[in-house]
Amino acid sequence: MFESLTQRLQSTFRLLAKRGRLRPEDVDAALKEIRLALLEADVHYKVVKELLELVRERALSAEVARALNPAQQVIVIVQEVLVKTLGQPVALNLTRDKPRIVMLVGLQGSGKTTTAAKLARLLKTGGERVWLVAVDPYRPAAAEQLVILGEEIKVPVSYEPDLSPLAMSESGFQSASNAGASVVILDTAGRSQVDEDMMGELKSIRDRLAPVEILLVADAMTGQEAVDIARGFREALDITGIILTKMDGDARGGAAISMRAVTGIPIKFIGVGEARDALEIFDPERLASRILGMGDISGLVEKAQAGMDPQLASKQVDRLRSGEFTLEDFLEQIAMIQRIGPFGKVLSMLPGGLTGGAQIDQVAAEKQLNRTKAMIQSMTVYERQHPQILNASRKRRVAAGSGTTVQEVNQLLRQYRQMQRLLKRAGRGALKGLSNIM
Ligand code: GDP
Ligand code: MG
């Protein structure tokens, strides 16, 4: 798990007094931390170098704003540099005569077919008459996948398995045109790596059909290779935009900044899940925060909403508000966290402060969560509601029942009391925030 840049910088700067300007040696110390954070987020090392230059320049000339400490000051600068590098969102170009062709390209498994369906759904919601074309004669199952997705979202799909990719595209476009479609999305065939066959095929389609958009679909988990992939596609085709998929996973989004910095091609959408609606318009600020490990509160909020039973949640908020928080609530919280997603992932979306500055090992955290669950489940309902009655013999029973130790039970009770205190201290403001989330 990543330590947030904020925390790193805070400790770098802990000993420094506030001054009007950052000293060069302070800036250099900060740059070292920023470099690590960016590399951990899988930003390409050459891009990291360029970014650091920009940050350095800005940091040395910046006045330290009165409201910020030096660490915060540097973070603001890094954030601004990243946002600038990521570029502003550029809308899908749908200006030409209808039907306009949007061509999706990318390596196998990058998410083209899934994205084709998501994009179709999004455009359909926006009032377009969308048509999908499967352009993959090599993997019938992949094309069938598009047909099924099309049925789900009620968008027609052309799939003529016996044709060449070019003929598939042309014929699909003809059908779409005849049916009065306003947007035609071509789901092209990928390969496992950038290769000439694929590029030749894609070029022939581009030359014949002149798509208004050629979008490179890229897997956010790709890491350092992302740059070569983006370059390869850009050199062969005139890519007009990037869609970064699988940003719901552990990817920190470094691929995005690498691709953007090296190719200059705008990022247009972000794929955040396998569901049909898991496509978001690219938001540079949010992504920059994520790359820096500064937490993604809005992402968390959305996740929380998706993973939660609203009735249960609001009941819990009421209880929390009234200062009541039992081990049963604790158990429900755990279940909820597990529904939302891997524990580490959820925690990583919280800003540094909320994770208490500790480094979190995802696997260990998940395991711990399950042990905690087992312990609470080994208690009677009365014990869960009145943990103070857990004496030595009850604790022994709970430990035995859950395959844990009395020490662990004690630790759980300590955590519980801590959380209870935290909730009390969090007071009205935080609870209001919580109820907004829920
Ligand atoms: P293609 O070979 O490029 O057409 O890739 P697919 O669309 O078949 O996707 C490959 C795999 O990635 C499938 O299992 C998809 O469900 C999954 N996938 C695609 N986009 C996303 C995303 O944004 N998030 C997640 N978690 N999975 C995705
Ligand atoms: Mg596919």
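Is Arg 231 buried, partly exposed or exposed, and what is its relative accessibility? At 32% relative accessibility, Arg 231 counts as partly exposed, a value computed, like every other in this report, from a model that is predicted.

**Salt bridges**

Arg 231 takes part in a salt bridge with Asp 228, where nitrogen and oxygen are 3.7 Å apart. Both residues belong to helix α9, which covers residues 226–236, and their separation of 3 residues corresponds to about one turn of that helix. Asp 228 is likewise partly exposed, with a relative accessible area of 49%; because the upper limit of the partly exposed class is 50%, this residue keeps that label rather than being called exposed.

This contact belongs to a wider set, since a search of the whole structure returns 16 salt bridges. One of the salt bridges joins Arg 56 to Asp 28, with the closest N and O atoms 2.3 Å apart. Here the partners come from distant parts of the chain, Arg 56 from helix α3 (residues 45–61) and Asp 28 from helix α2 (residues 24–40), with their positions 28 residues apart in sequence. Arg 56 is partly exposed at 28% relative accessibility, and Asp 28 is partly exposed at 35%.

Glu 383 and Arg 394 form a further salt bridge, with an N to O distance of 2.8 Å. Glu 383 sits in helix α17 (residues 381–385) and Arg 394 in helix α18 (residues 392–402), so this pair ties together parts of the chain that are 11 residues apart in sequence. The two ends of the bridge fall into separate accessibility classes: Glu 383 is buried, with a relative accessible area of 0%, whereas Arg 394 is partly exposed at 31%. Arg 206, Asp 207 and Asp 238, in turn, are linked in a network of salt bridges.

The three pairs described above are set out here with their distances.

| Residue pair | N to O distance |
|---|---|
| Arg 56 and Asp 28 | 2.3 Å |
| Asp 228 and Arg 231 | 3.7 Å |
| Glu 383 and Arg 394 | 2.8 Å |

**Surroundings of ligand 1**

There are 18 residues around ligand 1, and those that come nearest are Gly 109, Lys 112, Thr 114, Asp 248 and Glu 274. By class, the residues of this shell divide into 2 nonpolar, 10 polar and 6 charged. Helix α5 (residues 112–125) gives the most to the shell, contributing 4 residues.

Contacts to oxygen atoms of the ligand involve both side chains and backbone. A polar side-chain atom of Glu 274 lies 2.5 Å from an oxygen atom of ligand 1, and a polar side-chain atom of Lys 118 lies 3.3 Å from an oxygen atom of the ligand. From the backbone, a polar atom of Val 272 is 3.5 Å from an oxygen atom of ligand 1. Taken alone, ligand 1 exposes 580 Å², of which the protein buries 80%.

**Covered strand and helix**

Strand β6 (residues 241–245) is mostly covered, with 5 of its 5 residues buried. In a regular strand the side chains alternate between the two faces of the sheet. In β6, Gly 241, Ile 243 and Thr 245 point one way while Ile 242 and Leu 244 point the other way, and all are buried. Strand β5 (residues 213–219) runs parallel to β6 and is joined to it by 5 bridges; among the residues involved, Ala 218 has Leu 244 of β6 as its bridge partner.

Helix α10 (residues 254–263) is also mostly covered, with 8 of its 10 residues buried, including Ile 257, Met 259 and Arg 260. The helix is followed by Gly 264, whose phi is positive, near 75°.

**Backbone geometry in loops**

Most residues other than glycine have a negative phi, and most peptide bonds are trans. Against that background, the peptide bond between Lys 98 and Pro 99 is cis, with omega about -10°, and Pro 99 is placed in the loop between α4 (70–86) and β1 (100–105).

Asp 42, which is not a glycine, has a positive phi near 70°; this residue lies in the loop between α2 and α3 and is partly exposed at 32% relative accessibility. Lys 154, also not a glycine, has a positive phi of about 55° and lies in the loop between α6 (140–153) and β3 (157–158). Lys 154 counts as exposed because its relative accessibility is 65%, and exposed is the class over 50%.

Definitions and conventions: Residues are numbered from 1 along each chain as its sequence is written. Chains are lettered from A and ligands numbered from 1 in the order in which they are written. Side-chain values use heavy atoms; hydrogens and water are left out. Buried means under 20% relative accessible area, exposed over 50%, partly exposed in between (1.4 Å probe, protein chains only). Helices (H or I, at least four residues) and strands (E, at least two) are DSSP runs, numbered from the N terminus. A salt bridge is a side-chain nitrogen of Lys or Arg within 4 Å of a carboxyl oxygen of Asp or Glu. A residue is near a molecule or strand if one of its heavy atoms lies within 4 Å of it. A polar contact is a pair of N or O atoms within 3.5 Å; within protein, one must be able to donate a hydrogen and the other to accept it, and residues adjacent in sequence count only if both atoms are side-chain atoms. Accessible areas come from the Shrake-Rupley method with a 1.4 Å probe; for residues, only the protein chains shown count as cover. Ala, Val, Leu, Ile, Met, Phe, Trp, Tyr, Cys and Pro count as nonpolar, Asp, Glu, Lys and Arg as charged, and the others, Gly among them, as polar. Two strands pair if DSSP finds at least two bridges between them.
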